Amino acid sequence: MEYKRLADVYSKLESTTLKLEKTDIVARFLETVEKDELEMVVLLITGRVYPGWSSQELGMSSGLMAKAISKAYGINSKEIEDEWRKLGDLGLVTERYSSKKSQSRIFIKMLTVQKVFDNMRKISGMEGMKSQDRKLDLVSELLSSVSNPLEARYIARTVIGDLRIGVAEGLLRDAIASAFFANVFWKETLEQKVNGDIRLKVMSRSVTGKKIVVDEKLATVLEKKYGEDYDMLKSGNDVVVRQIKKISDDELLKKEPGIDYIFFHDVSIGNETKSRIVSSVEHAFSMTNDFSLVALAAKDGGFTALAKLKMNANHPLKVMLYQKALTIDDAFGIVGKPAAIEYKYDGFRLQVHRTDDTIKLFTRRLEDVTKQFPDVVSVVRENVKARSFILDCEVIGIDMKTGKWLPFQKISRRIKRKYDIDQTVREIPVIINFFDAMMADGKSLIDVPFSERRKHIESVVSEGDGIKVARHIITDDVEKVNDFYKESLSKGNEGIMMKNLSAPYKPGSRVGYGIKIKPTMDNLDLVIVGADYGEGKRVGWLSSFHLACYDSDSGEYLTIGKMGTGIKEKSEEGTSFGELTELLKPYITEEKGKTVAIKPAVVIEVAFEEIQKSTKYSSGFALRFPRLVRLREDRMPEDASTVDEISMVYGAQRGRG
DNA sequence: AGTGCCTGCCC
DNA sequence: ATTCTGC
DNA sequence: GCAGAATGGGCAGGCACT
């Protein structure tokens with residue numbers, strides 16, 4: 001397949017924000033892809049060349065891409081930086097230089113999807129001396145063989161790992177469902193207006209050569225109400241009328257061979273059928289984390305093949321994510337009463353797998369970290385009494401001297417380590433706290449209620465040094481939760497989790513079955529002393545703001561980090577990027593690429609989770625998760641929080657005093 | 001050998 | 001991680 | 001209410017440069 005075709009699809013996707021339209025674009029494209037190219041195309045649609053669970057990386061991002069542009073088109077880096085700031089996206093920058101060169105281009109051969117894919121995979125395999133140069137050559141080779149600047153745009157974005165086409169898991173899942181299974185409609189959806197006309201009429205003009213099954217009850221209605229349009233649909237397609245109480249033969253819903261469209265009379269049957277298709281795709285993806293496999297299975301074997309993609313210890317599962325609430329009452333409102341309340345440990349998420357002899361550990365993003373935690377492997381081997389399982393836990397570090405739990409920063413030293421692992425095992429011992437179970441003795445637990453999954457953990461885990469079941473209570477009493485919350489914080493935890501007792505485990509989604517509650521710190525008033533221009537949807541605005549506190553001794557402003565969230569895009573909603581940009585412009589003293597220096601004048605109120613020690617910023621501190629609360633127009637820069645105040649707050653933080 | 005910058009991934 | 005926004 | 005796209009600090013590792 002020519003890369004140009006894929007680039008056109010990307011471009012169409014970029015030109016609409018409508019999810020249904022995007023889904024349709026991807027689905028209609030996938031329908032046309034041959035089996036031997038499907039794996040590659042599905043990966044490239046998600047902007048990758050290896051599936052999410054793979055540890056293969058490109059080792060190339062915006063920095064090296066800027067160099068690649070420089071090399072491929074002979075442009076100096078300052079000019080590239082300026083264009084980058086103006087266009088807000090290196091993909092557009094690449095496209096621009098590509099189009100300037102295009103007149104002199106002589107086509108020998110069209111660039112193929114396969115070629116792009118192969119070069120990207122070569123890039124990810126490269127290491128050692130001069131490897132960066134060789135990576136640049138591979139990118140240059142692609143850029144010089146495009147037939148169209150649009151292709152250059154997407155080659156650059158694939159290198160950066162950010163396609164910006166608004167397609168991620170949810171949408172691709174729906175698109176695969178729509179591409180390889182019958183498209184389901186019912187009376188209301190056929191009567192819905194699309195571009196001014198009802199959908200049935202639109203379809204009668206545009207759909208030809210398809211196999212369409214129509215509910216007998218609906219057929220009568222269509223003939224009576226829309227006879228002319230319905231006749232036109234029948235004349236151009238293979239329309240079969242059936243009595244359909246309920247589609248019991250799942251395989252009928254598969255395309256190739258099978259049916260392309262199915263029309264029901266009742267909303268409920270339509271919805272049920274549609275969701276049966278989508279959830280079978282979703283389930284297959286949950287099990288494999290690999291849309292290439294899912295798409296192939298769906299195309300080839302429909303429901304049967306999708307159902308064969310089963311949960312498998314040693315293959316990581318997407319983890320369930322949790323929402324945030326401000327108060328215990330709000331949380332109860334979402335998860336119901338009574339609920340399970342757990343400590344929210346300040347560690348990192350670990351998925352523990354065991355098949356008979358093999359234990360494997362995966363992070364939240366499915367990286368295999370078994371090598372980094374031999375201590376966890378052995379404690380699991382000895383203390384979990386089951387042969388085959390998948391469990392979810394939070395790992396925290398402990399201070400060798402005091403026995404207290406360490407803040408996340410410390411344990412993070414172990415996560416990506418490749419060398420001196422044994423030494424850090426001794427220096428930073430850990431405790432694993434199990435809080436969920438997804439598989440037991442080869443059987444999936446994701447559909448059993450949380451309360452049962454919890455019981456299962458308690459039955460297989462024997463607690464000991466370094467291995468615990470997450471501390472929890474079950475209650476419907478706000479006061480009891482409050483006490484538990486205080487207890488949790490006093491141990492240095494981040495807060496608490498509140499969980500719905502009857503909820504299933506939903507891999508990969510942030511549904512309201514679990515809620516996290518964290519305390520709020522008093523906000524700081526900080527001075528803006530610099531900023532960066534934004535990318536993508538924030539192009540043209542100052543988008544990230546460099547913050548400083550005041551040193552009353554020296555009268556200087558000391559930096560404490562950057563902030564790029566909490567700001568509104570629309571000015572009606574509150575303090576917006578536009579407003580801040582206009583406000584700060586007169587104070588800009590220096591510009592370099594996307595970064596500007598700003599004279600201290602504007603004070604803002606900033607919320608955060610925690611103050612950390614930092615070597616990067618001149619105040620010696622940095623904020624964990626900073627976000628804008630509001631402008632402080634009533635404050636002068638000298639009124640900002642002082643470094644002494646911040647130092648006091650640092651010392652008084654949870655579990656640290 | 002030391003340093004600085006980039007990348008990817010934890011939160 | 002947090003937050004905002006379109007669907 | 002969800003999915004997607006913006007953005008934060010800091011860690012280890014790896015490459016390039018001095």
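Here are some short exercises, each with a worked solution, on the predicted model shown above.

**Exercise 1. Find your way around**

Into which domains is chain A divided, and how many Å separate the centres of domain 2 and domain 3?

*Solution.*
- Start by walking along chain A: domain 1 covers 3–167 and domain 2 covers 178–281.
- Carry on to domain 3, at 321–517, and then domain 4, at 524–656.
- Now take the centres over C-alpha atoms: those of domain 2 and domain 3 are 46 Å apart.

**Exercise 2. A pair from distant parts of the chain**

Which residue forms a salt bridge with E14, and is that partner buried or exposed?

*Solution.*
- General idea to begin with: side chains of opposite charge can pair when their charged atoms come close.
- The partner of E14 is R157, and their closest N and O atoms are 3.1 Å apart.
- Locate both ends: E14 lies in helix 1 (residues 3–14) and R157 in helix 9 (residues 149–160), so the pair links parts of the chain 143 residues apart.
- Buried means under 20% relative accessible area, so R157, at 2%, is buried.
- E14 has a relative accessible area of 29%, which makes this residue partly exposed.

**Exercise 3. A helix and a loop**

Where in the chain are the salt-bridge partners E169 and K318?

*Solution.*
- Check the contact: the closest N and O atoms of E169 and K318 are 2.9 Å apart.
- E169 sits in helix 10 (residues 169–180), while K318 belongs to the loop between helix 15 (291–308) and strand 7 (323–324).
- Count along the chain, and the two are 149 residues apart.
- For the surroundings of E169, a relative accessibility of 35% places this residue among the partly exposed ones.

**Exercise 4. Partners, one by one and in a network**

Is R632 buried or exposed, and what about D634?

*Solution.*
- R632 and D634 form a salt bridge, with 2.8 Å between the closest N and O atoms.
- R632 is buried because its relative accessibility is 11%.
- D634 is exposed, at 55%.
- Elsewhere, salt bridges with shared partners join a set of residues into one network, including K324, D346, E494 and R627.
- In the whole structure, the search finds 53 salt bridges.

**Exercise 5. Charge on the surface**

Which residues gather in a patch of positive charge together with R364?

*Solution.*
- The others in this surface patch are R48, R365 and R510.
- Look up R364: it is in the loop between strand 10 (359–363) and helix 17 (374–383).
- Its relative accessibility is 44%, so R364 counts as partly exposed.

How values were computed:
Residues numbered from 1 in each chain as written. Chains lettered and ligands numbered in written order. Predicted model: local features only at pLDDT ≥ 70, side-chain atom pairs only at ≥ 80, totals over all residues. Heavy atoms only, no water. Patch = residues over 30% accessible without salt bridge, like charges linked within 9 Å, V, L, I, M, F, W, Y side chains within 5 Å. Areas by Shrake-Rupley, 256 points an atom, 1.4 Å probe, with all protein chains shown as cover. Salt bridge = Lys/Arg side-chain N within 4 Å of Asp/Glu carboxyl O. Lys, Arg positive; Asp, Glu negative; His and termini not counted. Charge placed at Lys NZ, Arg CZ, Asp CG, Glu CD. Helix = DSSP H or I, 4+ residues; strand = E, 2+ residues; numbered from the N terminus. Buried < 20%, exposed > 50% of the residue type's maximum accessible area, 1.4 Å probe, protein only. Domains from an automatic or database assignment.
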